[in-house]
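The following paragraphs lead the reader through one structure, step by step. Please keep the sequence and the structure in view while reading.

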Amino acid sequence: MHPTLRVDLKKLRHNGEKLCEMAAKAGLDRLAFVTKSFCALPEMVAALEDLPNPYLADSRVENLANYPKTAKEKILLRLPMLSQCEQVVRHADISFCSEPAILTALDKAAEEQGREHKVVLMVDMGDLREGVFFRDEEGILALANQALEAENLLFYGMAFNVTCYGSVIPTQQTLEDFRAIVNRVEAAIGRKLDFVSCGNSSSVYLLDKADFTGYNNLRLGESLLLGRETAYCHDLPDLYQDAVTLEAEVVEVKEKPSYPIGKIGVNAFGQTVEYIDRGDRLRAIAAVGQQDADYAGFTPVEDGIEVVGASSDHLLLDVTDRPVKVGDIVRFRVDYSAALRAFTSPYVEKVCE
Ligand SMILES: *Cc1c(COP(=O)(O)O)cnc(C)c1O
């Protein structure tokens, strides 16, 4: 069946091993690999089991609940919903929190289930997504005290997240500023925290540059799956960028003009598009579209094939320089957005090998 996402589990595992090595050299020896972009596909989760990372993390409780059997601790990354705290405690060992009401609900759920739940306080260092704002010292200390005093919660650590909403790139300064906040919290509670986490794949570029003293964790998703860091979007030289590729089948090949004929309005998505007249070109249609993936993130594996556009179900390719025929399979590398949507689409077959 096509379209197909083809996952090379050896390459995925290789990426995981390399990231563990790179992080360990910087003193970060307790990585969390993030499984949300691939919807925690069980074969892929299982492929990470023998790596030295002690944690697996996901943003969806449903994905954590569907993990294959694992010896790793499970982290919920997205802030828990108030209506979901019972499932959070059931399926996650650790959750990231920023609200007093959520801590209260997690504590209650943990009491009811007779288990201890670990919480990590999120601090917003300026990316303006989740977390208590870094300037709100009172708010941070209040939440820390609440976590400390909750009978069924273990105040496990602190974390920040950047390069998500605000496009903020973490730097040595970010590390020092956040560590200073952690120091104040540790002084206030009278003990060290077990888990001090300095971001996601956008911190990978710092691994051979910055001083990570006082940290032990990163949460890595995109760098694991696609072998790239996300601060400057560079490929990581020792990692694979093609652990996952997308394949689609060609359903039409015809020579056509490159400029549409007739009065021009908007496309299937109501967008105004600039068309470039390159004369007659050999055009192929592959059976994959916007409903399957974000085609803007496709890069054809073969030279000479160019992505021209896509509607919901049809991907248009210029194949003038590398002709294909009906029934052929075209392969693409995918970016994060394309991978995320393709893994999520029920129309895309997933094959692990
Ligand atoms: C998604 C997510 C990550 C992983 O980010 P990548 O850029 O894919 O490494 C880490 N932390 C949090 C809180 C996240 O939501």
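A convenient point of entry is Lys118, whose charged end sits over the ring of Tyr156, 4.6 Å from the centre of that ring. The ring of Tyr156 also belongs to a cluster, in which ring pairs link it with Tyr55, Phe96 and Phe195. It should be borne in mind that the model is a predicted one.

From this starting point the view may be widened to the whole protein. The chain forms nine helices and 17 strands. Its C-alpha trace spans about 75 × 40 × 40 Å along the principal axes. Of the 353 residues, 50% count as buried.

Two of the helices may be considered together. Helix α6, residues 137-149, packs against helix α7, residues 172-189, with the axes 10 Å apart and at an angle of about 45 degrees. That angle makes α6 oblique to α7, because it falls in neither the roughly parallel range, under 35 degrees, nor the roughly perpendicular one, 65 to 115 degrees. The crossing of the two helices is right-handed.

The strands come next, beginning with β12, which comprises residues 280-286. How many of the seven residues of β12 are buried? Six of them are, so the strand is largely enclosed by the rest of the structure. Strand β12 has pairing partners in β11 and in β15. With β11, residues 244-257, it runs antiparallel and is joined by seven bridges; within this pairing, Val253 has Ala284 of β12 as its bridge partner. With β15, residues 315-318, the pairing is likewise in the antiparallel sense, over four bridges, and here Ile285 stands opposite Leu316.

The loop between β11 and β12 contains Asp277. Is this residue buried or exposed? Asp277 has a relative accessibility of 56%, and since the cut-off for exposed is over 50%, it counts as exposed. Its C-alpha atom is separated by 40 Å from that of Cys39, a residue 238 positions away along the chain.

Strand β11 also pairs with β16, to which five bridges join it in an antiparallel arrangement. One of the residues involved is Glu249, whose bridge partner in β16 is Ile329. Strand β16 is further joined by three bridges to β13, again running antiparallel, and Phe298 has Val334 as its bridge partner there.

In a regular strand the side chains alternate between the two faces of the sheet. Strand β16 displays such an alternation: Val330, Phe332 and Val334 point to one face and are buried, whereas Ile329, Arg331 and Arg333 point to the other and are not.

Phe332 leads on to the aromatic rings. A pair of aromatic rings is described by the distance of the centres and the angle of the planes. The structure holds 10 aromatic pairs. In one of them, the rings of Phe298 and Phe332 have centres 5.0 Å apart and planes at 35 degrees, so the pair is tilted. The two residues lie in distant parts of the chain, 34 residues apart, with Phe298 in β13, residues 298-300, and Phe332 in β16, residues 329-334. Phe298 has a relative accessible area of 7% and is therefore buried. Phe332, at 0% relative accessibility, counts as buried too. Strands β13 and β16 are thus linked by this ring pair as well as by their three bridges.

Note on methods:
Residues numbered from 1 in each chain as written. Predicted model: local features only at pLDDT ≥ 70, side-chain atom pairs only at ≥ 80, totals over all residues. Heavy atoms only, no water. Buried < 20%, exposed > 50% of the residue type's maximum accessible area, 1.4 Å probe, protein only. Pairing = 2+ DSSP bridges. Phe/Tyr/Trp six-rings, centres within 6.5 Å; stacked < 30°, edge-to-face > 60°. Lys NZ or Arg CZ within 6 Å of the ring centre and 35° of its normal. Axes fitted to C-alpha atoms, helices over the stretch in contact; angles between N-to-C directions. Parallel < 35°, antiparallel > 145°, perpendicular 65-115°, else oblique. Left-handed = near helix turned anticlockwise from the far one by under 90°.
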